[in-house]
Amino acid sequence: GYSAFCFGVVGLAVNRYKDDLFGDSVLTTAVIGAAAAVLVTLALSLLLWLNDLIKDPLWLWLLRAGGTALLGAILTPIAVSAVRSLDRTVGNVPSKRHPLEHEED
């Protein structure tokens, strides 16, 4: 339904700009996760409100958005780290080499 649409739009945007957005910075990842969570929450609330499916006051929308921002900021860096680790494990991306290791010739 509406939530699939909202998550899909955010997912497409993140996929489009992931190389520009996600570096090795935990802070950047947390901010992107918080912003994505707020956008999904507010967009979903707006779609439901426009179709008379919810009648929540604005302060409750903002409270939910704040809560999802907190969850997004905490959980997104954890999820990104786990996915990067899995990518290295299965060989999708090269593993990080220790700076003191020498390449074998």
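Buried means under 20% relative accessible area, exposed means over 50%, and partly exposed lies in between. The exercises below use these cut-offs on a predicted model.

**Exercise 1. Classify G67**

Task: Find the element that holds G67, and decide whether G67 counts as buried, partly exposed or exposed.

Solution.
Step 1. G67 lies in helix α3.
Step 2. The relative accessibility of G67 is 32%, so G67 counts as partly exposed.
Step 3. As an addition, consider G67 and A82, which are 15 residues apart along the chain. Their C-alpha atoms are separated by 23 Å.

**Exercise 2. Two residues with higher accessibility**

Task: Place I78 and D52 in the chain, then give the class of I78 and of D52.

Solution.
Step 1. I78 is part of helix α3. D52 sits in the loop between α2 and α3.
Step 2. With 54% relative accessibility, I78 is classed as exposed, because exposed means over 50%.
Step 3. The value for D52 is 57%, so D52 is exposed.
Step 4. The backbone of D52 has a further feature: phi is near 55 degrees, a positive value in a residue other than glycine.
Step 5. I78 also belongs to a nonpolar patch on the surface, together with L70, L71, I74 and L75. The accessible area of these residues together is about 510 Å².

**Exercise 3. The salt bridge**

Task: State how many salt bridges are counted, name the residue that pairs with R64, and classify R64 and its partner.

Solution.
Step 1. The count comes to one salt bridge.
Step 2. A salt bridge needs a side-chain nitrogen of Lys or Arg within 4 Å of a carboxyl oxygen of Asp or Glu. R64 forms a salt bridge with D56, and the closest N and O atoms are 2.8 Å apart.
Step 3. Why can such a pair form? Side chains of opposite charge can pair when their charged atoms come close.
Step 4. R64 has a relative accessible area of 36%, so R64 is partly exposed. D56 has 23% and is therefore partly exposed.
Step 5. D56 lies in the loop between α2 and α3.

**Exercise 4. Distance in sequence and in space**

Task: For the pairs V9 and V40, D56 and S45, and Y2 and S45, set the separation along the chain beside the C-alpha distance.

Solution.
Step 1. Write the values in a table.

| Pair | Residues apart in sequence | C-alpha distance |
|---|---|---|
| V9 and V40 | 31 | 8.7 Å |
| D56 and S45 | eleven | 8.8 Å |
| Y2 and S45 | 43 | 9.3 Å |

Step 2. Locate two of the residues. V9 is in helix α1, and Y2 is found in helix α1.
Step 3. Classify them. V9, at 44% relative accessibility, counts as partly exposed. Y2, with a relative accessible area of 32%, is partly exposed.

**Exercise 5. The largest pocket**

Task: Describe the largest pocket by its volume, its lining residues and the classes of those residues.

Solution.
Step 1. Recall how empty space is found. Rolling a probe the size of a water molecule over the atoms shows where empty space is left.
Step 2. The volume of the largest pocket is about 720 Å³.
Step 3. The lining is made of 26 residues. Those nearest the centre of the pocket are V14, K18, F22, V80 and V83.
Step 4. Which elements give two or more residues to the lining? They are α1 (2–21), α2 (26–50) and α3 (58–90).
Step 5. Of the elements, α3 gives the most to the lining, with nine residues.
Step 6. Sorted by class, the lining has 14 nonpolar, five polar and seven charged residues.

Key:
Residues numbered from 1 in each chain as written. Predicted model: local features only at pLDDT ≥ 70, side-chain atom pairs only at ≥ 80, totals over all residues. Heavy atoms only, no water. 1 Å grid on protein atoms, 1.4 Å probe; cavity = no way out; pocket = protein on both sides within 12 Å on 5 of 7 lines; lining within 4 Å. Points joined across faces, edges and corners; volume = space filled by probe spheres on them. Helix = DSSP H or I, 4+ residues; strand = E, 2+ residues; numbered from the N terminus. Nonpolar A, V, L, I, M, F, W, Y, C, P; charged D, E, K, R; others polar. Patch = residues over 30% accessible without salt bridge, like charges linked within 9 Å, V, L, I, M, F, W, Y side chains within 5 Å. Areas by Shrake-Rupley, 256 points an atom, 1.4 Å probe, with all protein chains shown as cover. Buried < 20%, exposed > 50% of the residue type's maximum accessible area, 1.4 Å probe, protein only.
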